[in-house]
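Biologist: I am new to this structure. Please take a close look at one part for me, the metal site, and then show me what surrounds it.

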Amino acid sequence: MVINMAANASEAELQHVIDRVKECGFQPHVTRGTERAIVAAVGSGGSRSALEALKAAPGVEDVVPIAHPFKLVARQTRGERSCVTVGDVCIGGPDAIVIAGPCSVESREQILSTARAVRAAGATMLRGGAYKPRTSPYDFQGLGVEALQLLREAREETGLPIVTEVMSTEDIPLISEYADMLQVGARNMQNFALLRQLSKIDKPILLKRGPSASVKEWLLAAEYLLAGGNANVVLCERGIKTFETEMRNTLDLAAVALVRELSHLPVIADPSHGTGRRELIQPASRAALAIGADGLIIEVHPCPERALSDGAQSLNLEEFAKMMRNLSAPIRSVATMAMAV
Ligand code: PEP
Ligand code: MN
């Protein structure tokens, strides 16, 4: 339930509502807007009907039931869309942002040359895996702390903020020392122990959608982060498992539009993992922006054919620069019937 206070509600009236929400068995989360305050009552053990009765309390304009099980991420909980700041970059603002870089950090030369090139092409953040979630234990697992040091060097030289994946709770303190944003990978979207720990840190989180997660499950995973105290969450659609076999995953672009309806959180798209095919990265990226994505995350490698992970879906440096140039080209015009007058 969300309790909307009236524009002229007093502090005492607001405090009374907060106290009643607690007495009813919920935790109150207060958001103060420029015109009014709203109180989100969070929790499942309390009495909903007791909350509904707060419609009669002084200073309350309305009590709105939230049909969805997620509350803090819900669009209704905040009047406006959220903007998540990573370094100097604002994700969820008027301009779409592009995060680019290799799937894995492989060497000093590889990450530095990629960082310089993607920056020159207009990317605003650098990605690169240090700890890799690989389907097979025999595949390259990432360079670990050495990769984190290289990412730091790349940030120092280019100024690009860094996002890198965290796979386990024990790595959080170390990765937080180096990264500007921590990625929760698709395979860990419902690792609730990890989400709980990440909700306690002050770094922004990039939360990828699980390959078989519904939109509701994805938003509930984000809810863990917000409920624990970390509101700096960016969602990332990276494709889901379907019966399709020609692409690595099915990039669910309608879900991008849907989460923008359901949630105030920024959402970006990952056409690299979403399609697995480098020739589809540009059209899928353009479509993602057209449908409302707040940004893109794209895998880029100086020599994709030699990449230690995800080479087949990585753009080389020139292809990425070309894609960036084409990203804002107008979409095609629509034919219209000549109207008889
Ligand atoms: C990645 O970003 O390289 C990655 C492993 O992504 P996902 O978790 O979406 O598979
Ligand atoms: Mn990858």
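Modeller: What follows starts at the metal ion, then turns to the other ligand and to two side-chain contacts.

This is a predicted model, where local features need pLDDT of at least 70, side-chain atom pairs count only at pLDDT 80 or more, and totals for chains, interfaces and linings use all residues. Residues are numbered from 1 along each chain as its sequence is written, chains are lettered from A and ligands numbered from 1 in the order in which they are written, and side-chain values use heavy atoms, with hydrogens and water left out.

Which residues coordinate the manganese ion (ligand 2)? They are C103 through SG, H273 through NE2, E299 through OE and D310 through OD, at 2.0 to 2.4 Å. Donors here are N, O and S atoms within 2.8 Å of the metal (3.2 Å for Na, K and Ca); water is not among the atoms, so sites may look incomplete. Along the chain, the donors follow the spacing C-x169-H-x25-E-x10-D. C103 and H273 link distant parts of the chain, 170 residues apart. C103 sits in the loop between β7 (97–101) and α3 (108–121), and H273 in helix α9 (residues 271–275). Helices (H or I, at least four residues) and strands (E, at least two) are DSSP runs, numbered from the N terminus.

Now take the donors one by one. C103 is buried, with a relative accessible area of 3%. Buried means under 20% relative accessible area, exposed over 50%, and partly exposed in between (1.4 Å probe, protein chains only). H273 is buried too, at 8%. E299 lies in strand β14 (residues 295–299). At 1% relative accessibility, E299 also counts as buried. E299 and I99 are 200 residues apart in sequence, yet 8.6 Å apart in space, C-alpha to C-alpha. D310 is in the loop between β14 and α11 (317–326). D310 has a positive phi of about 55 degrees although it is not a glycine. Most residues other than glycine have a negative phi.

Next comes ligand 1. Of the 13 residues around it, R127, K132, A186, K208 and R238 come nearest; a residue is near if one of its heavy atoms lies within 4 Å. The shell divides into three nonpolar, three polar and seven charged residues. Polar contacts are pairs of N or O atoms within 3.5 Å; within protein, one must be able to donate a hydrogen and the other to accept it, and residues adjacent in sequence count only if both atoms are side-chain atoms. An oxygen atom of ligand 1 is 2.7 Å from a polar backbone atom of A186. A polar side-chain atom of K132 lies 2.9 Å from an oxygen atom of the ligand. For the side chain of Q183, the distance from an N or O atom to a ligand oxygen is 3.0 Å.

Two side-chain contacts remain. N230 is in the loop between α7 and β12 (233–237). N230 is buried at 2% relative accessibility, and its side chain reaches the backbone oxygen of I201 at 3.2 Å. The rings of F192 and Y224 have their centres 4.6 Å apart and their planes at 25 degrees, so the pair is stacked. Rings of Phe, Tyr and Trp (its six-membered ring) pair if their centres lie within 6.5 Å; planes under 30 degrees apart count as stacked, over 60 as edge-to-face and the rest as tilted. F192 is in helix α6 (residues 192–198) and Y224 in helix α7 (residues 215–228), 32 residues apart. F192 is partly exposed at 30%, and Y224 is partly exposed at 29%.

Technical notes: Nonpolar A, V, L, I, M, F, W, Y, C, P; charged D, E, K, R; others polar.
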